[in-house]
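Thanks for coming. I will take you through one structure this morning, piece by piece, and I will keep it short.

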Amino acid sequence: MKVFFVRTLLMALLGLEVTFAQSNKPLYTFPIGVQAYTYRNEFAKDVEKTLDLIASLGITEIEGNTPKGLTPEAYKQMLQKRKLTIPATGASYEELVSDPQSVIKQAKALAPGTLWSPGFRIREHSTSIMRKKPSKILTKRAKY
């Protein structure tokens, strides 16, 4: 098993060297992102150390909301310091329906390109009107 692992590692490293040697460019140049939920346990302990870790891995985009205990503005400053951006943020159905202005305020502060909801609870007796309610609320009430 150990021999197999070593051979596989050597082949992978040689393969990477060959691809860089031929073009002098990395094969993958698109930004690498991560969902903040992936690091939820680390964020709960220390936000700044978690962001340092994420940036050290070469990740440039982080999708998610402001960690608890921080304002969106403070969080955005922490991200900018590490050259991280937020392409999208989200809100629950309940937040969208009960306080759309707050959702929009946070989205503006973080400046994401997309506002998403991680899944509406489609109930057995829901109607298309109920499912469209959040987007109507955001379109009608929010001054984005």
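Start at I32. Leaving aside its neighbours within four places in sequence, I32 is in contact with G58, I59, T60 and E61. Please keep in mind that what you see is a predicted model. I32 sits in the loop between α1, which covers residues 2–23, and β1. Its pairing with I59 spans some sequence: the two are 27 residues apart along the chain, yet 5.0 Å apart in space, C-alpha to C-alpha. I32 is partly exposed, with a relative accessible area of 39%.

Now the chain as a whole. The chain has seven helices and four strands. Read from the N terminus, the order of elements is α-β-α-α-β-α-β-α-α-β-α. Of the 144 residues, 26% are buried. Take the contacts between residues at least 6 apart in sequence: 70% of these join residues at least 24 apart.

Next, helix α3, residues 47–56. Which residues of α3 are buried? They are V47, T50, L51 and I54. Seen down the axis, these buried residues fall within an arc of 100°, so they line one face of α3. The general point behind this is that an α-helix has 3.6 residues a turn, so residues three or four places apart point the same way. The face turned away from the buried side of α3 carries the exposed residues K49 and S56. As for what covers the buried residues of α3, the list includes β1, at 33–35, together with α2, β2 and α4.

Two residues of α3 deserve a word each. T50 is buried, at 3% relative accessible area. Not counting residues up to four places away in sequence, T50 touches Y39, E42 and F43. With neighbours within four places in sequence left aside, L51 is in contact with F43, I62, Y75, M78, L79, R82 and L84.

Some of those contacts of L51 take us to helix α4, residues 72–81. The buried residues of α4 are P72, Y75, M78 and L79. They cover an arc of only 120° around the axis, which puts them on the same side of α4. What is on the other side of α4? There, Q77, Q80 and K81 are exposed. The buried residues of α4 pack against four elements: α2 (40–45), α3 (47–56), β2 (61–63) and α6 (100–110).

That brings us to the core. The largest nonpolar core has 15 residues. Those with the most contacts inside this core are F43, L51, I54, I62, Y75 and L79. Helices α3 and α4 each supply at least two residues of the core.

After α4 comes K83. K83 belongs to the loop between α4 and β3, where β3 is residues 88–90. Is K83 buried or exposed? K83 is exposed, with a relative accessible area of 71%. The phi of K83 is near 60°, a positive value in a residue other than glycine. For background, most residues other than glycine have a negative phi.

Helix α6 is also followed by a residue with positive phi: A111, near 55°. Within α6, the buried residues are P100, V103, I104, A107, A109 and L110.

Last topic, the pocket. What is the volume of the largest pocket? The volume is about 490 Å³. The largest pocket is lined by 17 residues, and A36, Y37, G64, N65 and T66 lie nearest its centre. By class, the lining has nine nonpolar, six polar and two charged residues. Helix α2 gives the most to this lining, with three residues.

Two of the residues nearest the pocket centre, Y37 and G64, can be compared by position. The C-alpha atoms of Y37 and G64 are separated by 7.3 Å, although the two residues are 27 apart along the chain. Y37 is in the loop between β1 and α2. At 54% relative accessibility, Y37 counts as exposed.

To recap: α3 has its buried residues on one face, and α4 has its own on the same side of the helix. Both helices supply residues to the largest nonpolar core. The largest pocket has Y37 and G64 among the residues nearest its centre. That is the end of my part.

Conventions
Residues numbered from 1 in each chain as written. Predicted model: local features only at pLDDT ≥ 70, side-chain atom pairs only at ≥ 80, totals over all residues. Heavy atoms only, no water. Buried < 20%, exposed > 50% of the residue type's maximum accessible area, 1.4 Å probe, protein only. Arc of directions from axis to C-beta. Contact = heavy atoms within 4.5 Å. Core = buried A, V, L, I, M, F, W, Y, C linked by side-chain atoms within 4.5 Å. 1 Å grid on protein atoms, 1.4 Å probe; cavity = no way out; pocket = protein on both sides within 12 Å on 5 of 7 lines; lining within 4 Å. Points joined across faces, edges and corners; volume = space filled by probe spheres on them. Nonpolar A, V, L, I, M, F, W, Y, C, P; charged D, E, K, R; others polar.
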